[in-house]
Amino acid sequence: MQLHPKKRIEIVVEASCAPSILEMIEAAGAKGYTVLQDVSGKGNRGIRDDSHLTDVFRNVLIIVIATEEIAHEIINNSQPLLENYAGIVTMSDVDVVRDEHF
Amino acid sequence: MVAMLAVMETPAIITGLLLARRSLGQASSDRESVFSPQVLRQVFLCGSVVLLAGSFMIGWTTGDGGMQIMAPLLKEPFQAVLAIFLLDMGLLVGKRLGDFGQVGKQLVMFGIYMPLIGAAIGMAAAAAIGLSVGGITLVAVLAASASYIVVPAAMRLSLPQANPAIYVTLSLAVTFPFNLAVGIPLYHAIAGMIGPA
């Protein structure tokens with residue numbers, strides 16, 4: 001089966017900022033995304049894990065698979081949105097089966 | 001009076017934002033983001049506020065009959081559920097005990113004397129307009145309280161520079177337990193002294 005190279009972007013971001021990130025991802029032309037809820041961890045802002053009472057420390061993991069140009073646009077647009085918010089943005093190479101879906 | 005609970009968060013948010021804007025030295029051109037659609041949605045349509053306002057309306061329209069139907073769930077187990085809720089809060093606070101390091105002694109003191117100042121102002125106003133002892137107590141409690149449900153989420157959107165480890169810890173782990181353990185009995189006692197006979 002023929003595989004096609006794409007870029008995978010993973011964004012760990014706090015839940016408050018996630019809606020604006022998702023909006024930006026769609027505006028950049030990505031065909032879709034996946035969101036994993038309630039991820040927790042530790043970074044230079046200290047420990048961030050879900051406390052069900054207050055939503056402020058909740059985090060999500062957003063996975064986007066897109067072409068290289070769209071991926072770079074997403075990366076560039078993510079930086080100003082993440083100012084003052086907790087977030088990690090990484091990009092890697094993946095191969096997909098359905099070229100037209102991503 | 002109960003309706004005050006539902007609306008008291010909004011003036012607090014606006015006041016907090018205005019104070020922050022002033023000390024950040026930002027011009028009034030930034031006033032847009034105070035009332036941005038996202039913040040408004042967060043304040044008025046977040047789960048807790050919808051539940052609160054909705055329950056209030058249901059109670060108002062169904063009256064005593066409705067209360068009788070709901071009593072086995074809402075009235076009988078109230079104290080027990082409250083106790084479990086508070087234990088759960090204790091777990092939560094325990095998990096985030098490390099945050100106290102970021103808060104520091106001075107801010108912890110602020111988390112204790114600010115409610116006292118708020119309660120004093122609230123009681124004076126309530127007594128001045130002639131509320132009952134219960135009414136004065138309730139206004140004092142409201143004026144002394146710090147939000148940990150709606151306000152932190154709204155603040156995260158409109159004032160992201162503020163460190164949530166500080167403000168959530170202060171309201172949840174300092175002011176809230178203080179008001180429960182010391183505040184309410186204190187305000188009630190003083191209300192009994194200054195209220196109508």
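Biologist: How many residues does each chain put into the contact?
Modeller: Chain B gives 14 residues and chain A gives 11. Two residues are in contact if their C-beta atoms, placed from the backbone, lie within 7 Å. This is a predicted model: local features need pLDDT of at least 70, side-chain atom pairs count only at pLDDT 80 or more, and totals for chains, interfaces and linings use all residues. Residues are numbered from 1 along each chain as its sequence is written, with chains lettered from A and ligands numbered from 1 in the order in which they are written.

Biologist: Which element of chain B brings the largest share of the side that touches chain A?
Modeller: That is α9(B), with 4 residues. Helices are DSSP runs (H or I, at least four residues), as are strands (E, at least two), numbered from the N terminus.

Biologist: New topic. Where does α5(B) bend?
Modeller: At B:Gly63, by about 115°. The bend is the angle between axes fitted to the seven residues ending there and the seven starting there.

Biologist: And how many of its 28 residues are buried?
Modeller: The count is 0, so α5(B) is hardly covered. Buried means 20 or more other C-beta atoms within 10 Å of the residue's own; exposed means 12 or fewer, and partly exposed is in between; C-beta atoms are placed from the backbone.

Biologist: What about chain A, which pattern does it follow?
Modeller: Along the sequence it reads β-α-β-β-β-β-α-β. Chain A has 2 helices and 6 strands. Of its 102 residues, 28% are buried.
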